[in-house]
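Q: Could you take me on a close look at a single part of this model, the second largest pocket? I would like to know which residues line the second largest pocket.

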Amino acid sequence: MPFLQHLCQILYDSGLGTAIRESDYAYSLIESVHVIAITLVVGTIAVLDLRMLGFILRPIAITRVAHAVFPLTWSGFVIMFISGSLLFWAEAAKMYNNPAFRAKIVLLALVGLNPLIFHTTVYRRVHEWETARLAPWRARVAAIASLSLWGSIVIAGRAIAYF
Amino acid sequence: MFLHSSFLALGQTALGHFMQTSRWGFALVEMAHLLALALLGGALLIVDLRLLGVVLKGESARSIGRDLGRIVIASLIVMIVTGIALLSEEAGKCYFSPAFRWKMVLLAFAVLFYFTLHRRALLGTDTGTPGFWARSAALVSLTLWLGVGVAGRAIGLI
């Protein structure tokens with residue numbers, strides 16, 4: 001058995017994993033929290049992305065929008081990560097072979113890479129373009145990448161239940 | 001009952017048949033419903049937090065409300081259209097579901113509130129600190145929309 005699959009089996013068989021899986025309400029409750037957290041993350045990051053693309057809030061500097069949005073996005077992300085880990089814990093052995101879950105993990109890695117590249121390159125000189133109604137093309141590419149990746153993550157996440 | 005028979009009729013339409021028999025139909029429509037939910041939730045949250053004076057305090061609540069309102073309306077339309085398609089899959093069952101009934105009542109209140117008192121609160125708050133009524137409107141709005149979401153999630157569970 002591959003190492004990762006073995007690890008998934010250990011999580012699946014653990015006390016916590018079994019407790020969540022066998023409880024009448026735990027799984028559904030955690031899943032509901034997970035959905036609300038995703039709304040928070042994706043919805044708020046989309047506002048920033050749409051601002052960079054020049055669709056909304058054009059009179060407001062991009063850095064102001066970013067400052068307003070980031071605490072919400074990050075709190076959502078923490079809740080999403082914790083609730084998501086618990087859901088995974090309970091179903092780990094099944095998730096290992098689930099194609100939608102695998103796709104979601106790859107997409108999550110990519111969506112993490114995106115702000116990393118963005119912040120170390122074009123965002124470093126944000127003060128030169130923060131009040132522009134439309135962000136420079138590299139920032140717009142990052143915004144489109146963010147919107148499509150997060151959208152795909154929602155789609156892949158929902159698809160997990162159908163495999 | 002007129003309402004009950006319209007629910008049953010919806011299940012008998014071509015849309016209903018498609019949603020009941022297609023392998024991926026329900027899943028795809030559900031994904032579109034969720035994507036629109038994320039946009040709707042994010043836009044509403046920023047608008048209401050501005051109205052509460054938590055974020056973007058120096059900026060005009062009126063223009064934020066107008067701008068993000070376009071996202072709210074566009075995603076609301078997508079949610080209603082996809083929602084009707086999702087409903088057609090098991091309309092007869094939803095008619096009797098308490099979660100579904102709660103969701104519809106809360107949705108009606110949320111939409112009504114959004115276009116009336118909430119709108120007035122936004123129009124009346126420019127760049128200044130929001131007043132008592134504006135803050136109350138933001139709290140009522142957040143509660144109503146969160147209620148719609150929670151009731152919606154419950155449809156699949158109870």
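A: Here is a walk through that pocket, followed by the chain around it and a patch elsewhere.

Please keep in mind that this is a predicted model. The second largest pocket has a volume of about 220 Å³. Its lining is made by B:Arg62, B:Gly65, B:Arg66, B:Gly69, B:Arg70, B:Ile73, B:Tyr114, B:Phe115, B:His118, B:Arg119, B:Leu122 and B:Leu123. Three elements of chain B each give two or more residues to this lining: helix 4 (61-89), helix 6 (98-115) and helix 7 (117-123). Helix 4 of chain B gives the most, with 6 residues. By character, the lining residues of the second largest pocket divide into 5 nonpolar, 3 polar and 4 charged.

Now let us step back to the chain that holds these helices. Chain B has 8 helices and 0 strands, and along the sequence its pattern reads α-α-α-α-α-α-α-α. The C-alpha trace of chain B spans about 55 × 30 × 25 Å along its principal axes. Of the 158 residues in chain B, 47% are buried.

Chain A offers a surface feature to set beside the pocket. There, A:Val106, A:Leu110, A:Leu113, A:Leu116 and A:Ile117 make a nonpolar surface patch of about 470 Å². One of these residues, A:Leu113, sits in helix 5 (residues 99-120) of chain A. With a relative accessible area of 42%, A:Leu113 is partly exposed, and because this value is over 30%, A:Leu113 passes the area cut-off for patch residues.

Technical notes. Residues are numbered from 1 along each chain as its sequence is written. Chains are lettered from A and ligands numbered from 1 in the order in which they are written. This is a predicted model: local features need pLDDT of at least 70, side-chain atom pairs count only at pLDDT 80 or more; totals for chains, interfaces and linings use all residues. Side-chain values use heavy atoms; hydrogens and water are left out. Patches are made of residues with over 30% relative accessible area and no salt bridge: like charges are joined within 9 Å, nonpolar side chains (Val, Leu, Ile, Met, Phe, Trp, Tyr) within 5 Å. Accessible areas come from the Shrake-Rupley method with a 1.4 Å probe; for residues, only the protein chains shown count as cover. A salt bridge is a side-chain nitrogen of Lys or Arg within 4 Å of a carboxyl oxygen of Asp or Glu. Helices (H or I, at least four residues) and strands (E, at least two) are DSSP runs, numbered from the N terminus. Buried means under 20% relative accessible area, exposed over 50%, partly exposed in between (1.4 Å probe, protein chains only). On a 1 Å grid over the protein atoms alone, a cavity is a set of points where a 1.4 Å probe fits but cannot get out, and a pocket is an open set with protein on both sides within 12 Å along at least five of seven lines; lining residues have an atom within 4 Å of a point. Grid points are joined across faces, edges and corners, and a volume is the space filled by probe spheres set on the points. Ala, Val, Leu, Ile, Met, Phe, Trp, Tyr, Cys and Pro count as nonpolar, Asp, Glu, Lys and Arg as charged, and the others, Gly among them, as polar.
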